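This note is addressed to a colleague meeting the structure for the first time. It sets out, point by point, what may be read from the coordinates.

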Amino acid sequence: MTMAHAAASRRSLLGHSYNLVGVVASLVILAWTLVAIFAPYIIPHPIGDIVDDDYFGPMRQGLWLGSDYLGRDMLSRVLMGARYTVGISLAAVCVACFSGVVLGMVAAVTGGWLDTCLSRFLDAMNSIPSKLFGLVVVAAVGSSIPVLILTLAVIYIPGAYRFARALAVNINTMDFMTVARVRGESTTYLIGSEILPNIIRPVLADFGLRFVFIVLLLSGLSFLGLGLQPPLADWGALVRENIGGLPFAAPAVIVPSLAIASLTISVNLLIDNLPQKIRDRDA
């Protein structure tokens, strides 16, 4: 690609230069977000109704994504699945990143025994394989939506903590932090007014990556039968339900897989193509 084509592939908006790939990815994410919000109002059929006499029916008028293993409309189930996949993942990543970032900044500013205890405890949590931890907790407690959100959040708090602490430790050694301490500023002020504004951009990029990880882990748990239980279903559960249609290339098993891929790939592409002023803290 020539320099002229590279320059033409970017658009200026609010002082930032956006790559065309990033714009397309953001539109895909926005589309799935709107689907998740308005799914109950746009689905053509109730998700539990059997609307086809055949199972694993093909795409046709009235059943635009075919039917599943019971003859239910796949378009309705995929649209409602977006509500659970996006909603649960977004709630879990918000809890994980908020908790991890706050603990990381507190540990970096306070230091001493609090930093040591938090770091060692979360290191121990991080050493447990994420899928194994999720399987044990969900199998023992159940797979309700609150349990799934808390389980996924706990799994990713250690990573968010480590990332935020590493950034905060670097900021904590700078001269303006020393000046703030000499002025007698409180720990809350140091965290909220000095450290957080200087690490918020990379933290937001990390937020997007952890959202992708949580979507994939939730889909994996659902595929193993430990996610949402019938009649509710996220995209991973839809793949598991209709795995029998794989030899027939049934849309019922292909479409949920494509939905997972489109969301996760779009988030990754958006993060990779964020404007430098947003992506880099020193820009």
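**Notes on the model**

1. A convenient place to begin is F213, which counts as partly exposed, at 40% relative accessibility. The reader should bear in mind throughout that this is a predicted model. F213 forms a stacked aromatic pair with Y156, with 6.3 Å from centre to centre and 20° between the planes. Y156 belongs to helix α6 and F213 to helix α8 (residues 187-223), so the pair ties together parts of the chain that are 57 residues apart in sequence. Y156 itself is buried, because its relative accessible area of 13% falls under the 20% cut-off.

2. The pair just described is not isolated, since a search of the whole structure finds three aromatic pairs. Another of these joins Y55 and F56 in an edge-to-face arrangement, with 5.6 Å between the centres and 70° between the planes. F56 is buried, with a relative accessible area of 15%.

3. As to overall organisation, the protein chain has eleven helices and two strands. In sequence order the pattern reads α-β-β-α-α-α-α-α-α-α-α-α-α. The C-alpha atoms fill a box of roughly 75 × 55 × 30 Å along the principal axes. Of the 283 residues of the chain, 43% count as buried. Among contacts between residues at least 6 apart in sequence, 70% join residues at least 24 apart.

4. The packing of helix α3 with helix α6 (residues 145-172) deserves attention. The two pack at an angle of about 35°, and their axes are 5 Å apart. The crossing of α3 past α6 is right-handed. Sorted by class, the residues in this contact comprise 25 nonpolar, four polar and one charged.

5. Turning to charged side chains, a search of the whole structure finds ten salt bridges. In general terms, side chains of opposite charge can pair when their charged atoms come close. Several of these bridges are taken up in the points that follow.

6. Which residue meets R72 in a salt bridge? The partner is E241, with a distance of 3.8 Å from N to O. This pair links distant parts of the chain, given that E241 lies in helix α9 (residues 235-241) and R72 in the loop between α2 and α3, 169 residues apart. Both partners are buried: E241 has a relative accessibility of 13%, and R72 has one of 8%.

7. The surroundings of R72 may be described further. The loop that holds R72 runs between α2 (20-42) and α3 (74-110). Leaving aside residues up to four places away in sequence, R72 touches I47, G48, D49, I50, V51, G66, S67, R77 and E241. The residue counts as buried because its relative accessibility is 8%, where the cut-off for burial is under 20%.

8. A further long-range bridge is formed by R162 and D123, whose closest N and O atoms are 2.8 Å apart. R162 is in helix α6 and D123 in helix α4 (residues 112-126), so that 39 residues separate them in sequence. Here both partners are partly exposed, with a relative accessible area of 29% for R162 and a relative accessibility of 28% for D123.

9. R210 and D206 form a salt bridge within one helix. Their closest N and O atoms are 2.7 Å apart. Both residues lie in helix α8, four residues apart, which is about one turn of the helix. Both are also buried. Elsewhere, salt bridges that share partners join D68, R72, R77 and E241 into one network, and the bridge between R72 and E241 was set out above.

10. Lastly, helix α8 also contains P202. Is P202 buried or exposed? At 11% relative accessibility, P202 counts as buried. Between P202 and N268 the separation is 66 residues in sequence and 14 Å in space, C-alpha to C-alpha.

Methods
Residues numbered from 1 in each chain as written. Predicted model: local features only at pLDDT ≥ 70, side-chain atom pairs only at ≥ 80, totals over all residues. Heavy atoms only, no water. Buried < 20%, exposed > 50% of the residue type's maximum accessible area, 1.4 Å probe, protein only. Contact = heavy atoms within 4.5 Å. Axes fitted to C-alpha atoms, helices over the stretch in contact; angles between N-to-C directions. Left-handed = near helix turned anticlockwise from the far one by under 90°. Nonpolar A, V, L, I, M, F, W, Y, C, P; charged D, E, K, R; others polar. Phe/Tyr/Trp six-rings, centres within 6.5 Å; stacked < 30°, edge-to-face > 60°. Salt bridge = Lys/Arg side-chain N within 4 Å of Asp/Glu carboxyl O.
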